[in-house]
Amino acid sequence: MSKIDHSLFSAHEHALEREFELCPECGSELSVRHSKHGSFVGCNNYPNCQYTRPLVQHESIETQVIEGSVCPECGHELAVKSGRFGIFIGCTQYPECHHIEKPDQAAPEEAVACPVCQTGVMDHRTNRYGKGFYACSCYPKCKFLVNYPPVAEACPDCGFGLLVQRKGAGGTRLECPNKPCKYKRPL
């Protein structure tokens, strides 16, 4: 234990937090800084110099046009793009056309009709935190959503238009998403 250099493990300056790089703006040293959004490299001459850069450089994916593809809405070509939720395929005429395709999402076997508006179908979507949910495809008009996979079967107790499939400690079961109804049955 006497051979361990304890100065490497101090709370103020860790051996890996030294960057030994010079700031391109003022020439001062750079070091690893920490914020509520994560770690980054910043200038030691902070109030006078505002230089920062990400700790890890991510490769930015440039828009790549898919040859021979056609947008079903406007007829222009499709392209592979990178957005805040990951890689997706979208129309090259973006501000005018909002068509988006998700290559990683498999199509469901059967479309489950929305029990509230009866015109839309339940689509799988992802919120900004990465959690999945199922919402009506007529979203601005119909705001019905469920957090579990829907099943195209009416509730035998209350007659609600669909059931949801939930996994728990007792196994998989079907439940009615209607709050007043307490219908549950094992799958």
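The following exchange between a trainee and a mentor goes through a predicted model, its annotated segments, cysteines, strands and cores.

Trainee: How are residues numbered, and what pLDDT do local features need in this predicted model?

Mentor: Residues are numbered from 1 along each chain as its sequence is written, side-chain values use heavy atoms, with hydrogens and water left out, and the totals for chains, interfaces and linings use all residues. Side-chain atom pairs count only at pLDDT 80 or more, whereas local features need pLDDT of at least 70.

Trainee: Which residues does UniProt list for the zn finger domain, and what is the strand content over residues 112-149?

Mentor: The unreviewed UniProt entry lists "domain: DNA topoisomerase type IA zn finger" at residues 21-56, 70-104, 112-149 and 153-186; the positions follow the numbering used here, feature names are shortened, and annotations may be inferred rather than shown by experiment. Helices (H or I, at least four residues) and strands (E, at least two) are DSSP runs numbered from the N terminus. Over residues 21-56 the chain is 0% helix and 50% strand, with the end C-alpha atoms 15 Å apart. Over residues 112-149 the end C-alpha atoms are 10 Å apart and helix is again 0%, while the strand content is 32%.

Trainee: How many disulfides does the structure hold, and why is C26 not in one with C43?

Mentor: A disulfide is counted when a pair of cysteine sulfur atoms lies within 2.5 Å, and the structure holds zero of them. The sulfur of C49 has its closest cysteine sulfur in C23, at 3.6 Å, which is too far for a bond. For C26 the closest cysteine sulfur is that of C43, and this is likewise too far for a bond, because the separation is 3.5 Å.

Trainee: Is C49 buried or exposed?

Mentor: The scale is relative accessible area, computed with a 1.4 Å probe on protein chains only, where buried means under 20%, exposed over 50% and partly exposed in between. On that scale C26, at 37%, is partly exposed. C49 has a relative accessibility of 5%, and therefore counts as buried.

Trainee: Where is V41, and what separates its C-alpha atom from that of R53?

Mentor: V41 is placed in strand β3, residues 38-43, and is buried with a relative accessible area of 1%. V41 and R53 are 12 residues apart along the chain, and their C-alpha atoms are separated by 5.4 Å.

Trainee: In what order do the three strands of the open sheet run, and which are the edge strands?

Mentor: Two strands pair if DSSP finds at least two bridges between them. The three strands form an open sheet in the order β9-β10-β11, with antiparallel pairing. Five bridges join β9 to β10, and D123 stands opposite A135 in β10. Each edge strand pairs on one side only, and these are β9 (122-126) and β11.

Trainee: Where is S137, and which residues does it touch?

Mentor: S137 lies in the loop between β10 (132-136) and β11 (145-146), and is partly exposed at 33% relative accessibility. Contact means heavy atoms within 4.5 Å. Not counting residues up to four places away in sequence, S137 touches G120, V121, D123 and R125.

Trainee: Through how many residues does a hairpin join β13 to β14?

Mentor: Strand β13 (residues 163-168) pairs in the antiparallel sense with β12 (residues 150-151) over two bridges, where V151 stands opposite L163. With β14 (residues 171-175), β13 pairs in the antiparallel sense over five bridges, and Q165 stands opposite L174. The hairpin that joins β13 to β14 passes through two residues.

Trainee: Which residues touch the most other members of the largest nonpolar core?

Mentor: A nonpolar core is a set of buried Ala, Val, Leu, Ile, Met, Phe, Trp, Tyr and Cys residues joined through side-chain atoms within 4.5 Å. The largest has 17 residues, and those touching the most other members are M122, F144, C155, L162 and C176.

Trainee: Which residues form the one aromatic pair?

Mentor: Rings of Phe, Tyr and Trp (its six-membered ring) pair if their centres lie within 6.5 Å, and planes under 30 degrees apart count as stacked, over 60 as edge-to-face and the rest as tilted. One such pair is counted, and it is tilted, at 6.0 Å centre to centre with 55° between the planes, its members being F144 and F160.
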